[in-house]
Amino acid sequence: MEEKKTSILAVYKVLEEFSDENHPLTRTEITDLIEKQYNITIDRRTLYRNIEMLINFGYDISDYNENKIGYYLKDRLFQHSEVLLLCNAVHASHFIPDKASKDLVNKLLSSQSRYKRNDYFKNVYLPNNKKKDNKQFLLNIEQISRAINEKKVIKFNYTHYDINKKLVNTREEPYYRSPYFLVVNGDRVYMVGKGKNHDSLSHFRVDRMKDIELVDEYYLRLPKNLDAYAYANNKIYMYSGDETGVTLRCDKKALDVIIDTFGKDVMLADEGETFTVYTKCGKEDIVKFCLQYVESVDLLEPLSLREEVRKVLLDASNRYQR
């Protein structure tokens, strides 16, 4: 009697693990696998009844009448293309430690048949040597998210690499911040928050944070009218500090870069061979951006930042002439 109660789960698990559109299973193959995997023996009528119950419950199962071969699970939690996209994104993300990446990839792949899993490892999977070393990364995400929801201050250590390629604390005393939101920028995740002795917001890379604790300190409320998406959009490289309106003159070849960086809502003025950009950005961010694309981007305003870019370029020119 107990076997009859659990046999429907065994049927589903066998279809999930061993079947797909390229590997339909016959009735005999299903019953043999159930007996081998779960030590459960079911007869033909019980198998048909279980499959019918699964279909009636909403599972999309292709049967012999449809494919003329056997049975396979058509609809899964994730489609194969979705799993490939998510697995590649997880594996390529430098900020997720190697072991955590492998665990996440395996969890995603568990939604697919064993044949699709093998295809991924055979055709896609390559080592990512840029993975970060901080094994607390996922725990950090959990702790920061909890602190944001509960409006709690976090205490943590912040790290950097030393000459021996080891993560060490940047200072002896811990940091205290009221966290507001998490931002993904490029291949990094940042915690944006505020300290009680700081006027501006602070940015900390989550993969560099360690030993996060929620503490009983006065929580600084999120500044009014601060929109996380708008704020992050104006921080190209996630430098903290003031924002300012900027005007850029760019070669047409930089159009893709401008839209990729500032989004489609950025103000553009066509000037033939060039175009002008009007936007708002962090001061340090726009200086670095203009230096990165110095061949095709010219910072016109504000003049103080234009002068800063000029001095950096002049200093670099002098160093390369030595």
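**Figure 1. Asn 185 stands opposite Arg 188 of strand β6 in a hairpin.** This is a predicted model, like every view that follows. The hairpin is built from β5 and β6, with two residues between the strands. One residue to look for here is Gly 186, which takes a positive phi near 65°. Strand β5 covers residues 175-185, while β6 covers residues 188-194. The two strands pair in the antiparallel sense, and seven bridges link them.

**Figure 2. Strand β6 also pairs with β7, and here is how much of β6 is hidden.** Strand β7, residues 202-205, runs antiparallel to β6 and is joined to it by four bridges. To find your way along this pairing, pick out Val 192, whose bridge partner in β7 is His 203. How many of the seven residues of β6 are buried? Six of them are, so β6 is largely enclosed by the rest of the structure.

**Figure 3. Four strands make an open sheet in the order β10-β11-β9-β12.** The pairing in this sheet is antiparallel. Which strands stand at the edges? They are β10 (267-271) and β12 (297-301); each has a single partner strand, so one side of each is left without a neighbour in the sheet. If you compare neighbouring strands, they are turned by 30° against each other on average, direction ignored. For background, strands of a sheet pair through backbone hydrogen bonds.

**Figure 4. Strands β9 and β11 pair over nine bridges.** Zooming in on this part of the sheet, β9 is residues 243-251 and β11 is residues 274-282, and the two pair in the antiparallel sense. A handy place to start is Val 246, which has Thr 279 of β11 as its bridge partner.

**Figure 5. Two helices, α10 and α11, lie across strands of the sheet.** Helix α10 is made of residues 255-262 and lies across β9, β10 and β11. Helix α11, residues 283-292, lies across β9, β11 and β12 instead. Take β11 as the reference: α10 runs at about 25° to β11, whereas α11 runs at about 145° to β11. Which residues of α11 are buried? They are Asp 285, Ile 286, Val 287, Phe 289 and Cys 290. Follow those buried residues outward and you'll find them packing against β9, α10, β11, β12 and α12 (303-320).

**Figure 6. The structure holds zero disulfides, and this view shows two of its cysteines.** Cys 281 is in no disulfide; its nearest cysteine sulfur belongs to Cys 290 and is 8.6 Å away. With 0% relative accessibility, Cys 281 counts as buried. Cys 290 is in no disulfide either, and for this residue the nearest cysteine sulfur is that of Cys 250, at 7.8 Å. At 1% relative accessibility, Cys 290 counts as buried too.

**Figure 7. Helices α5 and α6 cross at roughly 175°.** Here α5 is residues 80-92 and α6 is residues 98-109, and their axes come within 9 Å. That angle makes α5 roughly antiparallel to α6. On the α5 side, the contact is made by Val 83, Leu 86, Cys 87 and Val 90. On the α6 side, look for Ser 101, Leu 104, Val 105, Leu 108 and Leu 109. Sorted by type, the residues of this contact come out as eight nonpolar, one polar and no charged.

**Figure 8. Helices α2 and α3 pack at an angle of about 95°.** The axes of α2 (residues 27-38) and α3 (residues 44-56) are 11 Å apart. With that angle, α2 is roughly perpendicular to α3. Arg 27, Ile 30 and Thr 31 come from α2, and they meet Arg 44, Leu 47 and Tyr 48 of α3. The split in this contact is three nonpolar, one polar and two charged.

**Figure 9. Arg 117 sits in helix α7.** The helix spans residues 114-123. Is Arg 117 buried or exposed? With 18% relative accessibility, Arg 117 counts as buried, because the cut-off is under 20%. Leaving aside residues up to four places away in sequence, Arg 117 touches Glu 17, Leu 109, Ser 110 and Gln 112. You can also locate Asn 106, which is 11 residues from Arg 117 in sequence and 8.7 Å from it in space, C-alpha to C-alpha.

Technical notes. Residues numbered from 1 in each chain as written. Predicted model: local features only at pLDDT ≥ 70, side-chain atom pairs only at ≥ 80, totals over all residues. Heavy atoms only, no water. Pairing = 2+ DSSP bridges. Axes fitted to C-alpha atoms, helices over the stretch in contact; angles between N-to-C directions. Contact = heavy atoms within 4.5 Å. Disulfide = S-S within 2.5 Å. Buried < 20%, exposed > 50% of the residue type's maximum accessible area, 1.4 Å probe, protein only. Parallel < 35°, antiparallel > 145°, perpendicular 65-115°, else oblique. Nonpolar A, V, L, I, M, F, W, Y, C, P; charged D, E, K, R; others polar.
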